[in-house]
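Good morning, colleagues. I would ask you to keep the sequence and the structure in view while I speak. I shall begin with one chain, turn to a strand within it, and end with the interface.

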Amino acid sequence: MAPSTQFEVSQPPSDVISAVVFAPDNTNRLLVSSWDRNVYLYEIAEGTEDATLVNKFEHRAPILDVCFGANGNEAYTAGLDCSVKRIDLSTGEQTVLSTHEKPVRCVVYSPQHSMLISASWDHTLHVHNTSAPNSTPITISLPGKPHALAASPSKVVVAMTARLVHIYDLPTLASALASPDPASVTIAPWQQRESSLKFLTRAVACMPNDAGYATSSIEGRVAVEWFEDTAESQARKYAFKCHRQTAPEEEGGGDVVYPVNALTFHPVYGTFASGGGDGTVALWDAEAKRRMRQYQKFPDSVAALAFSNNGKYLAIVVCRGFETDMEDFNSAGRTKVFIRELGETEAKGKGPK
Amino acid sequence: MGKKKRGHPDVEELLARPWCYYCERDFEDLKLLISHQKAKHFKCDRCGKRLNTAGGLSVHMNQVHKESLDKVENALPNRQGLDIEIFGMEGVPDDIVQQHNQRIITNFYTAQAERHAATGNPPPGQAGGQGPAKKIKVETPEELKKRLAEHRAKVAAIKANGGVVPVPVVVPKAQPASVSPVAGQSPAQGASPFPPPQPGFPYPPPVGVPGAFPPPVQPGVVGAYPPVYPPPGATPTPPGAPGGPGFNLPARPTGGALPQRSPYYNNYNGGAVPPPGGGYPGASTVDELVSGAARQGDEIDQLIRAAEQGSKPPARAGEDAAGGEKKGKSKDKNMRMVYGDSEVSPEEKMALLPRYAVSAA
């Protein structure tokens, strides 16, 4: 067998991980946000099979999401304390960008429009103009509680409760921000859709080529859809089951269905990875509708995934998965960060046949 | 002879297709067969590693998982053994090869007869004008079929009677010229194991030794080969010579056949599926096992199939999209969701845990 190209980070966070992201301009740099109230900055040390903990940034509340800003020295976090923060990774300086009325679930940065969008359980989106840090963000109210957020070069997709999916056009948001009185502008979604999945949406990821997006649900299923609102494009959308296991007969048989916690598209090949509560990560070819690979099971639920900017690395974070009615939930000692170095064509799809 | 490109392959092509010892499927090329074997039969159910052979898998299970492999997965019941080392087409015992070829040939001629019946076309090689061929051409496929059915019924009756010339069998038409097989005769003598249905029909000598019979390895084929072939004294049918009526039709090994099957055979006409079960349990046992295996075939096999046909893959994901919601409903009853709350996310529940409470600072 080929030598293992996967290694475990030696100093993982101490509690459940909410997100992992790679820097936009540095293949080796990644951020991990955790419920232990810290954001961890790691750098993969070339040739040593480890990622060293460069710094950690403590917050006063658990962090539900993290993203990089315009470069590898700037990050934004979504906190359970309702605030959206900017972190200067070189100085450690934290500034509050805006405060929601309820915890902030997701943050996403659009490098094309220098815009940060945060989604909160108070049923709003905040759209920040990061090039003017002191400006007030635009607030967009949502019909449901947002649970997942993802941006493509020109769109941002918000998945909410009650299977609602809203897609906003980023240039429209940018021009609203640029208008003299941003607060008075009302912004309608570019498209409103009903999720293809019947159950609560768990993750959203956009295709790097701006063509569409994938969503996943708590019921072991992933849907792939296209933005273009034509009959042909909409007919192409599909959903499939994954991250399930056949239960042993003595337990009554049937399928044990795990939530699909993480989705991420490969920046170069446009294929995507999914990670589920069953502890597996699979690579899918969205065009050919095929599974390309499934990696060996990880010891615990896969909480988040990220490809590096050039697709060389895949970060896989695993921790104890939250299951129905877990009152003594604790992930201590079970949180791990794996970095997988992908082979040349490991994530390359064969293309549609 | 000129190659005619049709929708169906020649018997040569069929016989040349590599096939899987474990489940009797055939494939376009060896590569596909090997990938099928690795995916279906030599895959470790613990870690998904695909090995090249059953022996390799056994060693892997032993060393990596400290378990022992007792049988080959997804194999036909009598092919699960680990004692035979199979890789692609290598290692398949000769008798099994012959049995397989016999089955292919039988199926081929059955299908061919049906096609001829369906289209009304003369069998190939008959269009030109040699005398005996013309005569046979005059005999319509329907008549041919009828005779086949009658003959089969008769043979079946003999068989059912323990090999004795039968009590009158219910056949709609008069019996053809009597072919009275002698009980206990050696069926192999003199006849090619795979007589062609028409004289002069171009088909290669069978892969097996002429006159040799596939040994009864299959369950269901209880060693008894029917007296389908002419007795030593009767006209043998070397390829190329005009054959007698009944016995130059495709031969299948039979077990115990039922005379009342005959009307069925008479009734079915072109386009129908080869008659399953009943009269020819021996052959159909294999057929059924194979089709049974096919039914339980998984997506990998479907993909391999699709790749063979050069068609679009059956969108293992897409098929879900089409029927997913509906299918899901019926299956949902039997599934257990690890996280079942479709209104409140796990994060919201976690946020309520006391240890994540935000200190009011």
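What percentage of the 353 residues of chain A count as buried? The value is 53%. Please bear in mind that this is a predicted model, and that every value I quote is computed from it.

As to secondary structure, chain A has 30 strands and 2 helices. If we take the contacts in chain A with a separation of 6 or more, 48% of them are between residues 24 or more positions apart.

Let me now direct your attention to strand β3 of chain A, residues 29-34. Why do I describe this strand as largely enclosed by the rest of the structure? Because 6 of its 6 residues are buried. That holds for both faces: A:R29, A:L31 and A:S33 point one way, A:L30, A:V32 and A:S34 point the other way, and all are buried. With a cut-off of 20 or more other C-beta atoms within 10 Å for a buried residue, A:R29 counts as buried along with the others in β3(A).

Next, the pairing partners. On the N-terminal side in sequence, strand β2 of chain A, residues 17-22, runs antiparallel to β3(A), and 5 bridges join the two. Within this pair, A:L30 of β3(A) has A:F22 standing opposite. The connection from β2(A) to β3(A) is a hairpin through 6 residues.

β3(A) also pairs with strand β4 of chain A, residues 38-45, again in the antiparallel sense and over 5 bridges. Here A:S33 has A:V39 in β4(A) as its bridge partner. The hairpin formed by β3(A) and β4(A) has 3 residues between the strands, and in its turn A:R37 has a positive phi of about 75°.

I come finally to the interface. How many residues does each chain give to the contact? Chain A contributes 42 residues and chain B contributes 34 residues. On the side of chain B that touches chain A, the elements giving two or more residues are α10 (318-332), β1 (335-337) and α11 (346-351). Of these, α11(B) gives the most, with 6 residues. By character, the residues on that side of chain B divide into 10 charged, 8 polar and 16 nonpolar.

The two chains are also linked through strand pairing. Strand β23 of chain A, residues 255-257, runs parallel to β1(B), and 3 bridges join them. In this pair, A:V256 stands opposite B:R336 of β1(B).

Thank you for your attention.

Key: Residues are numbered from 1 along each chain as its sequence is written. Chains are lettered from A and ligands numbered from 1 in the order in which they are written. This is a predicted model: local features need pLDDT of at least 70, side-chain atom pairs count only at pLDDT 80 or more; totals for chains, interfaces and linings use all residues. Two residues are in contact if their C-beta atoms, placed from the backbone, lie within 7 Å. Helices (H or I, at least four residues) and strands (E, at least two) are DSSP runs, numbered from the N terminus. Ala, Val, Leu, Ile, Met, Phe, Trp, Tyr, Cys and Pro count as nonpolar, Asp, Glu, Lys and Arg as charged, and the others, Gly among them, as polar. Two strands pair if DSSP finds at least two bridges between them. A residue is buried if 20 or more other C-beta atoms lie within 10 Å of its own, exposed if 12 or fewer, and partly exposed in between; C-beta atoms are placed from the backbone.
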